[in-house]
Amino acid sequence: MTRSTMVLSAALGLGLTAALTAVPASAVALDHSGPAQATATSSYVGSATEEANNKAFFEAVMKSAKAKLAAKPGLAAATVTVTYDASRAPSFATEIARSAQIWNSSVRNIQLRSGSNADFKYYEGNDSRGSYASTDGHGRGYIFLDYRQNEQYDSTRVTAHETGHVLGLPDHYSGPCSELMSGGGPGPSCTNPNPNAAERNRVNQLWANGVKAFDKAPFTKVH
């Protein structure tokens, strides 16, 4: 499937708020029609609700990873493996794989792997809120990748940014392009898909010593 090359007239933020509900119907149906005609705007100002949703997503993924470790104590190690399923976002297979590669080469205490029995999933479709990370409300999470937003912004940056929420990082829209979690704040010209040193360090702190990461407070702003 190919994504539309429609030129957008509105700016969509990265990591926009998603209610803590089931996956959007457009994602489940894997809408192949391409971007819708309607547009939406974002001021790139993160709300308290958005931050709470992203935190819930991180906690859901960590809960899933912890449950797997508890079931097989022998797996407990310094590095936690979090499994993702990208099968429902086939248009973004390259970006998702690249995003995982970026994060795996950037941090040491957690590694992302594609596989079954996933801790979180990727979906694709059309959503006026743009791309976002959320929880399914059942102990796991998902990332939704919006077609239109990924046409206007660098798609690998969008995907790596949303994946950053899996690892415990909040949005910081006022940050510079060098900060991955600044998302769409720096504008469409920003194509940096890599976390900066502070973001890398924060993820390593959150996931240090395997499941002991649960003892650490997530979502402290990093700059």
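I began with the sulfur atoms and found that a disulfide joins Cys177 to Cys190, with 2.1 Å from S to S. The model I am reading is a predicted one, and one disulfide is what the structure holds. Cys177 and Cys190 are 13 residues apart and link distant parts of the chain, each cysteine sitting in the loop between α5 (155-166) and α6 (197-206). For the geometry of this link I noted 90° about the S-S bond, which makes the connection of Cys177 and Cys190 right-handed.

I then looked up how far each cysteine is accessible. Cys190 has a relative accessible area of 4% and is therefore buried, since buried means under 20%. Cys177, at a relative accessible area of 28%, is partly exposed, because that class lies between the limit of 20% for buried and that of 50% for exposed.

Next I turned to the sheet. Five strands form an open sheet with mixed pairing, and I read their order as β2-β1-β3-β5-β4. At the edges I found β2 (110-114) and β4 (132-135), each of which pairs on one side only. From one strand to the next, the twist averages 25°.

Within the sheet I followed one pairing in detail: β3, residues 120-125, and β5, residues 141-146, pair in the parallel sense over six bridges. As an entry point to that pairing I noted Glu124, whose bridge partner in β5 is Leu145.

I went on to the helices that lie across these strands. Helix α3 (residues 93-106) lies across β1 (80-88), β2, β3 and β5, and its direction is at about 160° to β2. Helix α5 lies across β1, β2, β3, β4 and β5, and I noted that α5 runs at about 165° to β5.

My last search was for the nonpolar interior. The largest nonpolar core has 34 residues, and the ones with the most contacts inside this core are Val82, Trp103, Phe120, Tyr122 and Trp207. Two or more residues come from each of α2 (48-71), β1, α3, β2, β3, β5, α5 and α6, and α2 gives the most, with five residues.

I picked Val82 from that list and asked myself which residues Val82 is in contact with, leaving aside its neighbours within four places in sequence. The partners I wrote down for Val82 are Val61, Ala65, Ile110, Gln111, Leu112, Arg113, Asp119, Phe120, Val166 and Trp207. Of these partners, I marked Phe120 and Trp207, as both are also named with Val82 among the residues with the most contacts inside the core.

Methods. Residues are numbered from 1 along each chain as its sequence is written. This is a predicted model: local features need pLDDT of at least 70, side-chain atom pairs count only at pLDDT 80 or more; totals for chains, interfaces and linings use all residues. Side-chain values use heavy atoms; hydrogens and water are left out. A disulfide is a pair of cysteine sulfur atoms within 2.5 Å. Helices (H or I, at least four residues) and strands (E, at least two) are DSSP runs, numbered from the N terminus. Buried means under 20% relative accessible area, exposed over 50%, partly exposed in between (1.4 Å probe, protein chains only). Two strands pair if DSSP finds at least two bridges between them. Axes are lines fitted to C-alpha atoms, for helices over the stretch in contact, and angles run from 0 to 180 degrees between N-to-C directions. Contact means heavy atoms within 4.5 Å. A nonpolar core is a set of buried Ala, Val, Leu, Ile, Met, Phe, Trp, Tyr and Cys residues joined through side-chain atoms within 4.5 Å.
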